[in-house]
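Please open the model in your viewer and keep the sequence beside it, since this tour moves from one selection to the next.

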There are 2 protein chains.
Amino acid sequence: MQFFSETTSDGVVERSFTLGDVPGVLWSPVSAEAGAPVILMGHGGSLHKRAPGLVSRAVGLVASCGFHAVAIDMPGHGERPRDAADRALVEAMHAARRAGESIVPFVTELNRSIAERAVPQWRAVMDALQASPEFGASTPFGYTGMTLATAVGVPLAVADARIRAAVFGGFWGVPWLLAVAARVTIPLEFIQPWDDAELDRESGIALFDALGSAQKLMRAHSGDHRHVPTWLADDSNRFLVRELRGAAG
Amino acid sequence: MQFFSETTSDGVVERSFTLGDVPGVLWSPVSAEAGAPVILMGHGGSLHKRAPGLVSRAVGLVASCGFHAVAIDMPGHGERPRDAADRALVEAMHAARRAGESIVPFVTELNRSIAERAVPQWRAVMDALQASPEFGASTPFGYTGMTLATAVGVPLAVADARIRAAVFGGFWGVPWLLAVAARVTIPLEFIQPWDDAELDRESGIALFDALGSAQKLMRAHSGDHRHVPTWLADDSNRFLVRELRGAAG
């Protein structure tokens, strides 16, 4: 993990890094507690590691909760090139949208493929942080993110027990994801846009229901996934504090 | 409004009162701000004005938000006698439950009837508080309560514009209530027990959908209406602060 720039404002230290060919950002309190949890922040489809909403939520986690937050560009997003197969799926998705047809087959296949690549990259980020003396091997992790970030986060939570709590939402209950979701056991919250032209409600509920966790909460807001109320992030922050502050021991 | 006892503990003043033949409790900060909002706290079916969960939420509203909170016994509950018609419906409900049949026709009719009587009683409580120099005519109100309290609160919110925000939940989308719900326009939160043998999910969702408010949020927790996570009350408190602190202007 190579850090190459650092800025500090309003009590939040922001460091840019690369890990192999994956660029990322780490936000930390100016004076972090030893063992403070780290929240992995997935960005949505077509967005990137410094999308304004993500940065705002990251700063909130650092400033209000004393957590670290880390984001990476997903494959084909932000500073990372999009390969030919991804480009074809993105084109097919745009064509379907223009034709008034369902984008679901294309976006879910694209996101399944991105998840396959992103899960080991997120695990490498956790490895690198835990290997650093600044963090340490027992650092607990949380995960948050909607749409693409949920397609990545659900298999990540199954693959890696270091993630102790997650906030998901805004995705479809497609078969490949339902199968993985059943194996999730950590406490979670699920944000379901209740009036979304593309994220149909029944499919989102099917995904929520499939998640195997005993402790789960759905928050369904009036509006779509582009209009998630900002205060919902505060509610999710408190959930993460409840779950991870205990884990931090 | 006749006050007849007052105790103070942990910064919360609790006063018992009667208003006509309706007994109630008012919880206030030891040093309340002028114009502080008052939250009307409905109790659930078979419970009463000092049910432990209600008292705990009331104390939280006073201590964390600086609000007042007020509860009354609903008709046929707590210290108030149950009339013959109510008794017959309660008996029919218990008989249905014992027989493994649906309680919904009986409980919803009982609650409709209670709501008819309770709405003017809650309005009289607001009148009495606003007439008191301690509160004043511009005091804003919020409302919270599940099950029976939602059957009462939805028509109350339609009948009285002094209620500016509400937390409902745990009820069925039966025709009489759906019709009233469509006329609700205030911001609201809706608590939907996601795994409840008697409160079926589809019917609860139908009620949430029927509510006419542009700003609404459903929180669906794993578990039933007897196991609402206590931290959901904290989330609802913050909602009430957002909505009513502005109104207190």
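The stops below visit several charged pairs and then a leucine.

Before selecting anything, bear in mind that this is a predicted model. Side chains of opposite charge can pair when their charged atoms come close, and the structure holds 41 salt bridges over all chains.

**First stop: Asp127(A) and Arg162(A)**

Select Asp127(A) together with Arg162(A), and you will find a salt bridge whose closest N and O atoms are 2.9 Å apart. This pair links distant parts of the chain, 35 residues apart: Asp127(A) belongs to helix 3 (residues 104–131) of chain A, while Arg162(A) sits in the loop between helix 4 (148–159) and strand 7 (163–169). Which of the two labels, buried or partly exposed, fits Asp127(A)? With a relative accessible area of 42%, Asp127(A) is partly exposed, whereas Arg162(A), at 18%, is buried, because buried means under 20% relative accessible area.

**Second stop: Asp160(A)**

Keep Arg162(A) selected and add Asp160(A), which also forms a salt bridge with Arg162(A), the closest N and O atoms here being 2.8 Å apart. Both Asp160(A) and Arg162(A) are buried.

**Third stop: Arg238(B) and Asp235(B)**

Now move to chain B and select Arg238(B) with Asp235(B), a salt bridge in which the closest N and O atoms are 2.8 Å apart. Where do these two residues lie with respect to one another along their helix? Both are in helix 7 (residues 230–248) of chain B, and because they are 3 residues apart there, about one helical turn separates them. Arg238(B) is partly exposed, with a relative accessible area of 26%, while Asp235(B) is buried, with a value of 0%.

With this pair still in view, widen the selection to the network of salt bridges in which Arg238(B) and Asp235(B) take part. From chain A the network includes Glu189(A), Arg219(A), Asp235(A), Arg238(A) and Arg242(A), and from chain B it also includes Glu189(B), Arg219(B) and Arg242(B).

**Last stop: Leu110(B)**

Finally, select Leu110(B), which you will find in helix 3 (residues 104–131) of chain B. Leu110(B) counts as buried, since its relative accessibility is 6%. Which residues does Leu110(B) contact, once its neighbours within four places in sequence are left aside? Show Asp86(B), Leu89(B) and Val90(B), for these are the residues in contact with Leu110(B). If you then draw a distance from the C-alpha atom of Leu110(B) to that of Ala88(B), which is 22 residues away along the chain, the separation is 9.2 Å.

Key. Residues numbered from 1 in each chain as written. Chains lettered and ligands numbered in written order. Predicted model: local features only at pLDDT ≥ 70, side-chain atom pairs only at ≥ 80, totals over all residues. Heavy atoms only, no water. Salt bridge = Lys/Arg side-chain N within 4 Å of Asp/Glu carboxyl O. Helix = DSSP H or I, 4+ residues; strand = E, 2+ residues; numbered from the N terminus. Buried < 20%, exposed > 50% of the residue type's maximum accessible area, 1.4 Å probe, protein only. Contact = heavy atoms within 4.5 Å.
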